[in-house]
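Trainee: Could you take one spot in this model and look at it closely with me? I'd like to know where it sits, what it touches and how the surroundings are built.

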Amino acid sequence: MQNNYKEGYQIPFILTNGQNHRFNILPTEENYDFSGHWNAIFNYDTESPYPAQAQFTLDGQKLNGTFTTETGDYRFLQGNVQGDKLKLSVFDGSHAFLFTGQVSNDTIYGEFRSGKHYKAKWKAFKGNLKSMKDPYNMTRATTKYIDDFEFTSSDGSLVSLSDLEGRVKLINIMGTWCPNCKDEISFLNEVTSKFDEKAISIVSLAFERYKDQSVAMDRLRKYKETMGFDWPILLGGYANKKDNSEALTFIDQIYSYPTLLVLDQSNEIKYIHTGFYGPATKEFNQFRSDFLYKIDKLLIEN
């Protein structure tokens, strides 16, 4: 397996035909019940820890679930339990993640690995779930209205905010390399199917991991075709949160890809949603209902 935008970055792998489990499962007399919801902390042994929540379901020794952080989730994790130990993994097309852990006194102590370049410690404990930051109150607008912006679309044309029609406008700040962005794009496809095409306008503003603009543009064209959406996707530049934040002067900074801005007919910023909890999470259905209600309310007001 080779990373297309990191030169020389390769990870060997083995495919086994007919195997329906991620890791070898040995029979044990007793397995710890990891199912349920857990408060978690990543990088707890460093100066920059960050909170998360784990949600696991157990079927025999097979374990499924995900972790949610304040900026998104780790999507569909699968693995197994072996006594007091767990293993979970996922390959989402961009990232290879491995979570291992062992429970002691109802606290899981574990390690998280991303590819071959990153590892961090994590721990999780059961109890009342601690609240995390509200995704609608993380990214702040620096202005009430967005005057305009202009970027190059995947078809080579210049597209500005003033080109967009619709009583409600959605600006989807994303990257084609970002799995949570993929989930948000799928959700936005659902949004367009629920409202009249003259009511909603969407534009995706992509920050890519290819510095060669022609390569990045080719990636945008393929991504749009694969994901099957019909709104414009624009190239914002190379993916770097600091530089990208400085380029988008209407928000304080980019905390996460994706970030979704909701504007009314006069281009007033009504909502900013940071990150995305996708269909692997328990939060997704509630988010979907709340977001569609917000859009419907805005359309009535406009």
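Mentor: Let's settle on Glu 268, which in this predicted model sits in the loop between S15 and S16. Is Glu 268 buried or exposed? The relative accessibility of Glu 268 is 15%, and the cut-off for buried is under 20%, so Glu 268 counts as buried. Leaving aside residues up to four places away in sequence, Glu 268 touches Lys 144, Tyr 145, Val 262 and Leu 263. Two of the names in that list, Val 262 and Leu 263, fall within the run of strand S15 (259-263).

The loop has another residue to look at. Asn 267 lies in the loop between S15 and strand S16 (269-274), and the phi of Asn 267 is near 65 degrees, a positive value in a residue other than glycine. For background, most residues other than glycine have a negative phi, and most peptide bonds are trans. Asn 267 is buried too, with a relative accessible area of 13%.

Now go to what comes before S15 in the chain. Pro 258 is in the loop between helix H3 (241-247) and strand S15, and the peptide bond from Tyr 257 to Pro 258 is cis, with omega near 5 degrees.

Next, the sheet that S15 and S16 belong to. The sheet is open, has seven strands and mixed pairing, and runs in the order S11-S10-S14-S13-S12-S15-S16. Strand S11 (158-160) and S16 stand at the edges with a single partner strand each, so one side of each has no neighbour in the sheet. So the loop of Glu 268 leads to an edge strand, S16. On average, neighbouring strands of this sheet are turned by 30 degrees against each other, direction ignored.

On its other side, how does S15 pair with strand S12 (residues 168-174)? The two run antiparallel and are joined by five bridges. One of the bridge pairs ties back to our starting point: Lys 169 has Leu 263 in S15 as its bridge partner, and Leu 263 is among the residues touched by Glu 268.

Two helices pack on this sheet. Helix H4 (residues 284-301) touches S12, S13, S15 and S16, and its direction makes about 140 degrees with that of S12. Helix H2 (residues 213-227) touches strand S10 (150-153), S12, strand S13 (200-208) and strand S14 (233-238), with its direction at about 145 degrees to that of S14. Both strands flanking the Glu 268 loop are thus in the contact list of H4.

It's worth a detour to the cysteines. The structure holds one disulfide, and that disulfide joins Cys 178 to Cys 181, with 2.5 Å from S to S. The link is right-handed, with 85 degrees about the S-S bond. Cys 178 and Cys 181 are buried, as is Glu 268.

If you want something to set beside Asn 267, try Asn 43. Asn 43 is in the loop between strand S1 (36-42) and strand S2 (50-59), and its phi is near 55 degrees, again a positive value in a residue other than glycine. With a relative accessible area of 12%, Asn 43 is buried.

From there you can follow S1 to its partner. S1 and strand S9 (residues 118-125) run antiparallel, joined by four bridges, with Ile 41 bridged to Lys 123 in S9. S9 also runs antiparallel to strand S8 (residues 107-114), with eight bridges between them, and here Lys 123 turns up as the bridge partner of Tyr 109. S8 and S9 form a hairpin with three residues between them, and in the turn Gly 115 has a positive phi of about 60 degrees.

Finally, zoom out to the whole protein. There are four helices and 16 strands. The radius of gyration is 21 Å, close to the 19 Å that the globule rule gives for 302 residues, so the protein is as compact as a globular protein of that length. Buried residues, Glu 268 among them, make up 46% of the 302 residues. Among contacts between residues at least 6 apart in sequence, 61% join residues at least 24 apart.

Notes: Residues numbered from 1 in each chain as written. Predicted model: local features only at pLDDT ≥ 70, side-chain atom pairs only at ≥ 80, totals over all residues. Heavy atoms only, no water. Disulfide = S-S within 2.5 Å. Buried < 20%, exposed > 50% of the residue type's maximum accessible area, 1.4 Å probe, protein only. Pairing = 2+ DSSP bridges. Axes fitted to C-alpha atoms, helices over the stretch in contact; angles between N-to-C directions. Contact = heavy atoms within 4.5 Å. Rg over C-alpha atoms; globule rule 2.2 N^0.38 Å.
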